[in-house]
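User: Please take a close look at one helix and the way it packs against its surroundings. Keep it to that part.

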Amino acid sequence: MATTSAATFSIGSTVSFGRRGSPPPLTKPSAARCTSQNSLASFSGLKAATSVKCDSESFLGKESSAALRGSFARKAQKPNQSSHHGLQLQASYKVAILGAAGGIGQPLALLIKMSPLVSALNLYDIANVKGVAADLSHCNTPSQVLDFTGASELGNCLKGVNVVVIPAGVPRKPGMTRDDLFNINANIVKTLVEAVADNCPDAFIHVISNPVNSTVPIAAEVLKQKGVYDPKKLFGVTTLDVVRANTFVAEKKNLKLINVDVPVIGGHAGITILPLLSKTKPSVSFSDEEVEQLTIRIQNAGTEVVEAKAGAGSATLSMAYAAARFVESSLRALDGDGDVYECSFVQSDLTDLPFFASRVKLGRKGIEAMIPSDLQGLSEYEKKALEALKPELKASIEKGIAFAQKQPVTA
């Protein structure tokens, strides 16, 4: 690329433009386009001028735009540096995807491969992962891609990893509920989390495998039995519920998607998914009928996709997008960004349930704070729905705990 040419990047929510350099909206899908007046020689080892223009007319909100500009400013020119090379993008984090050859794993791997925050991307599956890694390795982004196949290579896949993402398991099929998946996926998650405990106990653990309302408690019990449980670093990925809520509300109310933020609490299945429409930002009014219609659609959105695919799969692409966003948020938190919030299913004291999905503040050591204000001032509809979801969520949590306690961990 000629040194006089300008370069433009237009990249989705999982891309950052340097360490602490890509704050996507914390509860909104995002994209950013950054234009440098000097060349960006390649995506790997980028160099750019200190002056960076951020165009945020797509998915990036005002707060995130300001944070992005501030991040670039913090990285800007130091003494004795050429003005053309004041910004250095550095990849420094290691991510592992367990179940990387599957319907969620492959697009998720591609999205994470796009992040300049990632220096190493380890892909694990029981089969067919070598080709996925070979394919991704041709992308000219900073991370090195390695493949690991089968139980004998799982330990090496996890050595020194900062973030572990677990989409492994069987997908939903027409007529299946998330509980129908339990017996198969429970064993898969147990086995994988045992390996995480043995090889990278300090990593952030992102559980995608359904039913999340049960698999996260299983993971917690396994980590406890291994003596390495840190509740601040175990997350059930419920970001897709937020992504859907934001999308459906923006469509319904003809709002700009970049401005819409709907917190979603509870769990990650059916009626346990509770979008707090009364707390939508920007403030917007809903009729009782709209509240009910939107809530039901958000709760049943996964089934909507399963039925539309007519037996050919479940919500893999949107799930990969949401999971990649949560990974990027975790990487930003690890990198010292002090303004990272996401909804997640975690150990919680906000209700009488041991696990609960709500907004949390992320930091270098995991969860820094819960956001109890989200559960205050609920509408009457939301109060009733919250009480109605508790028995089902409680049963799912207890089912996971009971499963893990009956299954001794592997030494």
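Analyst: A crossing angle counts as oblique when it is not under 35 degrees, not over 145 and not within 65 to 115. This is a predicted model, and the part chosen here is helix α4, residues 151–158.

Start with its helix partner. The axes of α4 and α5 (residues 182–199) come within 9 Å. They cross at roughly 45°. The two helices are therefore oblique to each other. Their crossing is right-handed.

Next, the residues at this crossing. From α4, Leu154, Gly155 and Leu158 take part. They meet Leu192, Ala195, Val196 and Asn199 of α5. By class, this contact has 5 nonpolar and 2 polar residues, and no charged ones.

Now burial. Leu154, Gly155, Cys157 and Leu158 of α4 are buried. These residues lie on the same side of α4, because they cover an arc of only 160° around the axis. In general, an α-helix has 3.6 residues a turn, so residues three or four places apart point the same way.

What do the buried residues of α4 pack against? Helix α5 is one of the partners. The others are strands: β6 (93–98), β7 (118–125), β8 (144–149) and β9 (163–166).

Last, the end of the helix. Gly160 sits just after α4. Its phi is positive, about 70°.

In short, α4 crosses α5 at roughly 45°, and its buried residues pack against α5 and the strands β6, β7, β8 and β9.

Definitions and conventions:
Residues are numbered from 1 along each chain as its sequence is written. This is a predicted model: local features need pLDDT of at least 70, side-chain atom pairs count only at pLDDT 80 or more; totals for chains, interfaces and linings use all residues. Side-chain values use heavy atoms; hydrogens and water are left out. Axes are lines fitted to C-alpha atoms, for helices over the stretch in contact, and angles run from 0 to 180 degrees between N-to-C directions. Helices (H or I, at least four residues) and strands (E, at least two) are DSSP runs, numbered from the N terminus. A crossing is left-handed if the near helix is turned anticlockwise from the far one by less than a right angle, and right-handed if clockwise. Contact means heavy atoms within 4.5 Å. Ala, Val, Leu, Ile, Met, Phe, Trp, Tyr, Cys and Pro count as nonpolar, Asp, Glu, Lys and Arg as charged, and the others, Gly among them, as polar. Buried means under 20% relative accessible area, exposed over 50%, partly exposed in between (1.4 Å probe, protein chains only). The arc is that of the directions from the helix axis to the C-beta atoms.
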